[in-house]
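Trainee: I should like to go through this model term by term. For each label, please set the value against its definition.

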Amino acid sequence: MKKAYFFDMDGVLFDSMPNHAQAWDDIMKKHGLDFTAQDCYRQEGRTGQDVIHHAIWQKEHREASEEEIWAIYREKSNRFLELGGAGPMRGVKDVLDYLMAQGKQLYVVTGSGQQTLFDELNKTFPNAFARERMVTALDVTKGKPDPEPYLRAWKKSGLEKSECCVIENAPIGIRAGKAAGLFTIGVNTGPLPDDDLYDAGADIVVKDMAALLAYLKAL
């Protein structure tokens, strides 16, 4: 087993992707921007700011202002809450409990900058994640698929790369983990085929959290 595990948040810790995808679809359509629910799954892991910046550039060939980006992102965040937010991914508490019992370091590495989900982390997974073991959109200059988020988590751990493991559900996140030189497990909790996760570089792909727990225990 590894000594530290770096968990993505949306689609891994929280079953949040259906509502995120719908929220993005609704708000981007409102602003006449091209970013569908399916795009959300394929581009999952990018920071919200990066998504909005690229959508505006693609449509209007101009740089979006910080005020414009954050205004759209707030709309998207509010729509996400209107749709019901997110609960924990089925089976993930068992995985976290097992790793904590084994004395492993647990980190969150997410492209989200949504404060409500960070607050929910402490309520849903008490004692699992401390703020100093989180890397969020607010902590990086480049989001996934750039390796920076996972490199920051690795540096925080103080461990060798061979002692760390990434847990991801999205191709972009997997690419970031592998670009950081880390062993990366894909947990396919969404609608994409397993091949998309393997093509992104996943070392192994499992179908859900129960399968992940079985894999960890087998180690």
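Trainee: Which residues does L13 touch, and what makes a pair count as a contact?

Mentor: Contact means heavy atoms within 4.5 Å. By that rule, and not counting residues up to four places away in sequence, L13 touches F7, D8, G87, P88, M89, V92, L96, V108, L121, F125 and F129. Please note that this is a predicted model, in which local features need pLDDT of at least 70 and side-chain atom pairs count only at pLDDT 80 or more, while totals for chains, interfaces and linings use all residues. Residues are numbered from 1 along each chain as its sequence is written, and side-chain values use heavy atoms, with hydrogens and water left out.

Trainee: What makes a set of residues a nonpolar core, and which members of the largest one touch the most others?

Mentor: A nonpolar core is a set of buried Ala, Val, Leu, Ile, Met, Phe, Trp, Tyr and Cys residues joined through side-chain atoms within 4.5 Å; buried means under 20% relative accessible area, exposed over 50%, and partly exposed in between (1.4 Å probe, protein chains only). The largest core has 30 residues, of which F7, L13, L121, F125, F129, I167 and L212 touch the most other members. At least two residues come from each of several elements, including β1 (4-7), β2 (105-109) and α10 (209-218). Helix α5 gives the most, with five residues. Apart from this core lies another, of 17 residues, with A21, M28, Y41 and I56 among them.

Trainee: Why is the stretch 48-60 called a helix, and how does its span compare with the expected one?

Mentor: Helices are DSSP runs of H or I with at least four residues, and strands are runs of E with at least two, numbered from the N terminus. Helix α3 has 13 residues, so it meets the minimum of four. The expected span is 1.5 Å times one less than the number of residues. From first C-alpha to last, α3 reaches 18 Å, close to the 18 Å expected.

Trainee: How do you know that the buried residues of α3 line one face?

Mentor: The buried residues are G48, Q49, V51, I52, A55 and I56. Down the axis of α3 they fall within an arc of 160 degrees, so they line one face of the helix; the arc is that of the directions from the helix axis to the C-beta atoms. They pack against α1 (17-30) and α4 (66-82).

Trainee: Why is H61 called exposed, and what is the sign of its phi?

Mentor: The relative accessibility of H61 is 59%, so H61 counts as exposed. Its phi is positive, near 55 degrees, in a residue other than glycine, and H61 lies in the loop between α3 and α4. Most residues other than glycine have a negative phi, and most peptide bonds are trans.

Trainee: Why does N127 count as exposed?

Mentor: N127 has 78% relative accessibility and therefore counts as exposed. Its phi is also positive, near 70 degrees, and N127 lies in the loop between α6 and β3.

Trainee: Where is the cis peptide bond that ends at P145?

Mentor: The bond from K144 to P145 is cis, with omega near 15 degrees. P145 is placed in the loop between β3 (134-135) and α7 (148-157).
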